[in-house]
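Please look over the model below. A short report on its fold and its metal site follows the picture.

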Amino acid sequence: MQKGVFHNHFIGSRENASSDIVLLGCPLDITSSFRSGSKFGPESLRRASWTLETYSPYLDHDLEEINFSDTGDLELPQGNLLESLDIIEKASGAIVENGRKPFFFGGEHLVTYPIMKGVKRAFPVLQLVHFDAHCDLRDDYEGQKLSHATVMKRLKELGDITMHQIGIRSGTRQEFKELAPVDSPGVLKTRLDPEVPVYISFDIDVFDPSLVSGVTTPEPGGLMFQEVIQYLHVLKGAKIIGADLVELAPDYDTTFVSSVCAAKVVREIIMLMGPGTF
Ligand SMILES: [Mn+2]
């Protein structure tokens, strides 16, 4: 690769139509309640990946050993929510029906709903490992059934999804009643069923805002990087069939650290998804 040239794809990715893992940007940014900006997440995350090594000392694995491609961003009709969700579901379904694993970069958290609808075409019974500051279990948000704040409720309604929710520290009393909280890596280990396929939805606001401020809804009291790594270690050997990283809004963090954290989490999850990794 040419020195000094910015490569607009994730570090270590290859152009390969038969890759095992497909990265896909999904810049949906319509239902944000506080502030928007997550549509700029995918581009910033890819740029930040070039500050990292392809080798992970946490997992003793190298991106160069994994066959994954980055197919750029989905073209979404901004402002047209239902058509956008339909495009995302079709893209996700097509990837899993080809026997490949999708890794979507949001965009707002609502994208997880159509992604998992698509994934369920090939994997009807799933476990969802959900990293987030927020429950996202409202039945509606200011009258809207389809919102970043209702996404986990909509997913529950799809059925056959066992939830493991990590880092949650914000929601209504009713939402907390419905939560499936995991408050330590040890608890995650006992709850995970090794036989059931796993989907990971990683809302970057699970991190403490002192580390990651580039999010649409910052919530104090979050996880630090090493804690997230401990949770990810528990997922070694799990049957991970898809993932997303959402809610990165890079313009709120002039230090760029939020994007680097996001890229580093993506690197680790790609390694966990890679075939025959552990
Ligand atoms: Mn959140």
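The report covers the basis of the model, then the sheet, the helices, the metal site and a few single residues.

This is a predicted model, in which local features need pLDDT of at least 70 and side-chain atom pairs count only at pLDDT 80 or more, while totals for chains, interfaces and linings use all residues. Residues are numbered from 1 along each chain as its sequence is written, and side-chain values use heavy atoms, with hydrogens and water left out.

**The sheet**

Helices (H or I, at least four residues) and strands (E, at least two) are DSSP runs, numbered from the N terminus. Eight strands form an open sheet with parallel pairing. Their order is S4-S1-S5-S10-S9-S6-S7-S8. Strand S4 (68-73) and strand S8 (181-182) are the edge strands, and each pairs on one side only. Two strands pair if DSSP finds at least two bridges between them. The table lists three of the pairs.

| Strand pair | Sense | Bridges | Residues facing each other |
|---|---|---|---|
| S5 (residues 101-106) and S10 | parallel | three bridges | Phe103 and Ala243 in S10 |
| S9 and S10 | parallel | six bridges | Ile200 and Ala243 in S10 |
| S6 and S7 (residues 161-166) | parallel | six bridges | Leu126 and Ile161 in S7 |

Ala243 thus appears twice: it stands opposite Phe103, and it is the bridge partner of Ile200. Its strand, S10 (residues 240-246), is mostly covered. Seven of its seven residues are buried. Buried means under 20% relative accessible area, exposed over 50%, and partly exposed in between (1.4 Å probe, protein chains only).

S9, H7 and S10 make a right-handed β-α-β unit. Right-handed means that, with the strands pointing away from the viewer, the path from the first strand over the helix to the second runs clockwise.

**The helices**

Helix H2 (residues 81-97) lies across strand S1 (21-26) and S5, running at about 150° to S5. Helix H3 (residues 112-119) packs on the sheet and touches S5, S6, S7, S9 and S10. The direction of H3 makes about 170° with that of S9. Axes are lines fitted to C-alpha atoms, for helices over the stretch in contact, and angles run from 0 to 180 degrees between N-to-C directions. Contact means heavy atoms within 4.5 Å.

Helix H1 (residues 41-49) has seven of its nine residues buried, so it is largely enclosed by the rest of the structure. Among the buried residues are Pro42, Leu45 and Arg46. Their cover includes S1, S4, S5, S10 and helix H8 (257-273).

**The metal site**

Which residues hold the manganese ion? Asp132 (OD), His134 (ND1), Asp203 (OD), Asp205 (OD) and Asp205 (OD) coordinate it, at 2.2 to 2.7 Å. Donors are N, O and S atoms within 2.8 Å of the metal (3.2 Å for Na, K and Ca); water is not among the atoms, so sites may look incomplete. Along the chain, the donors follow the spacing D-x1-H-x68-D-x1-D. His134 lies in the loop between strand S6 (126-131) and helix H4 (151-158), and Asp205 in the loop between strand S9 (198-203) and helix H7 (225-234), so the pair ties together parts that are 71 residues apart in sequence. His134 and Asp205 are buried.

**Cysteines and one loop**

The structure holds zero disulfides (pairs of cysteine sulfur atoms within 2.5 Å). Cys135 is buried, with a relative accessible area of 0%. Cys261 is buried too, at 8%.

Pro194 lies in the loop between helix H6 (185-191) and S9. Pro194 is exposed, with a relative accessible area of 57%. Its C-alpha atom and that of Leu235, 41 residues apart along the chain, are separated by 9.4 Å.
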